[in-house]
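Hello,

Here is the structure we talked about handing over. Please open it beside this message; my notes follow below.

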Amino acid sequence: MPLDISSVLKEGKGQKIEFKEGLSFLAPEFVAFANASGGRLYVGITDRGEVHPTALTNRLKSQITDIARNCDPPIEIKISQADDKVITVEIPEGKDKPYKCKEGCFLRIGPNTQKLKRDEIVQLIQHAGKIHFDELINERFIFQKDFDKDEWEKYRKLAGYPSNIESKDALVNIGVASHREKKILLTNAALLFFAKNPQQFFPEASVTCLKYRGQTRYDIIDRYECKGNILKQLEETLTFFGRYNARQIKITGAPRHEEWEDYPSVAIREAVINALIHRDYLYDISHIYLHIYDGHLELDNPGGFIRGLSLEDLGSKAARRNRMLADLMQRAGYIENAGTGILRIQEALKRNNNPPAQISATNFFSLRLIARPKNLTEDDLTDRQRKLYAFLTQRGKVSTTDCTQIMGVGSDTILSELKALLLKNLIQKTGKGKNTRYFI
């Protein structure tokens, strides 16, 4: 398809488009696009948007190719003569970031190519997944002074290691420590499990638990900072959660009664373990938060999705931000290390008659759970009823039209489901006709 130069000029330079009159400063542009999300560079157009016809000769094509190959690492590009006036160079997003050239390391930000400073390069490396925090040796940790023998002994029993094995030998054998110049050096993963005071090295490696009155963060009625090693943080977080996880006894006529919880404990345990293992410990300006409100809770975990993983992949693909932490947790019997944590959370919620978990991810991975509906008069809810109940919990008063739009089904189906929730005394309604509204 021939290039429409007028549309290119009208669009102008941007995140994925750059103009060049000649070949000067071409390598930084290639590097900037490869370090970002890719882009297209037009040779033969000036910064002012004036077209200077440029033919793609074999010599010119070879020069452009050499510039891309001399970047570190080499960048694969596609060169074409879109018409008889402009050369198009397509630069894909790089798979081996960061890229640099002799002028430095660059990144495309909007219509500009920006040279990165040291800390920005480090952030780019982290984002590309080249640095695994948990596998780094921590030079500040002094084994004789900082190693917690009691915590190791607890872990040894959980993992089933023989009592006569030396802690140093065991740690080296499982790959979380190494010998260097007659010293034993621990990785960050081992430090988070076996240091006497992990927060001495990583102040943000903790969990803050908060209980609020009502549905907002205005009125805090309880707060606890869970510190210590990872397993202690897990234990203390679950203890705090247990204070506010109300239970209901259901008499069924069977020899043993059934017990329902606001939130299934197994789901919260799985969620907190996932947070402790998969948080981004390089994001050292925040820690994990557990927010408990009246009717719902939220677990916020520093670090969004792991590179290459999306919301749709949860439960079907296994990816580990901190592989060594996950291995240590698996050896102690806390996880299966199979990427099934989210599935177990959703299944536990379903069995307990909670609505499905709501998941979002930006700089934080956030899990939102809604409490089990009170006053159930039948054994369970359908999946649609759970989702409808969750929608009303979020939105307050809603109309039938609101429900049909969010649920994607017809009004007759919605009316039937709303009637079922009314009969279970889970929701109420007010108004008549078009003014009818439903609420918790």
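**Helices and sheet**

Helix H10 (residues 265-278) lies across S9, S13, S14 and strand S16 (364-370), and runs at about 20° to S14. Please keep in mind that this is a predicted model.

The sheet under discussion is open and has six strands, in the order S10-S9-S13-S14-S16-S15, with mixed pairing. Its edges are strand S10 (220-226) and strand S15 (358-361); each has a single partner strand, so one side of each is left without a neighbour in the sheet. On average, neighbouring strands of this sheet are turned by 10° against each other, direction ignored.

At the S10 edge, strand S9 (residues 207-212) runs antiparallel to S10 and is joined to S10 by six bridges. Within this pair, Leu210 stands opposite Arg223 in S10. Helix H9 (residues 230-243) also packs on the sheet, where H9 touches S9, S10, strand S13 (288-292) and strand S14 (296-302). The direction of H9 makes about 165° with that of S10.

Back to H10, which also has a helix as a packing partner: helix H11 (residues 323-331). The two pack at an angle of about 140°, and their axes are 8 Å apart. Angles over 145 degrees would count as roughly antiparallel, so this value makes H10 oblique to H11. On the H10 side the contact is made by Ile273, Leu276 and Ile277, and on the H11 side by Leu325, Ala326 and Met329. Sorted by class, this contact has six nonpolar residues, no polar and no charged ones.

Regards

Terms used
Residues numbered from 1 in each chain as written. Predicted model: local features only at pLDDT ≥ 70, side-chain atom pairs only at ≥ 80, totals over all residues. Heavy atoms only, no water. Pairing = 2+ DSSP bridges. Helix = DSSP H or I, 4+ residues; strand = E, 2+ residues; numbered from the N terminus. Axes fitted to C-alpha atoms, helices over the stretch in contact; angles between N-to-C directions. Contact = heavy atoms within 4.5 Å. Parallel < 35°, antiparallel > 145°, perpendicular 65-115°, else oblique. Nonpolar A, V, L, I, M, F, W, Y, C, P; charged D, E, K, R; others polar.
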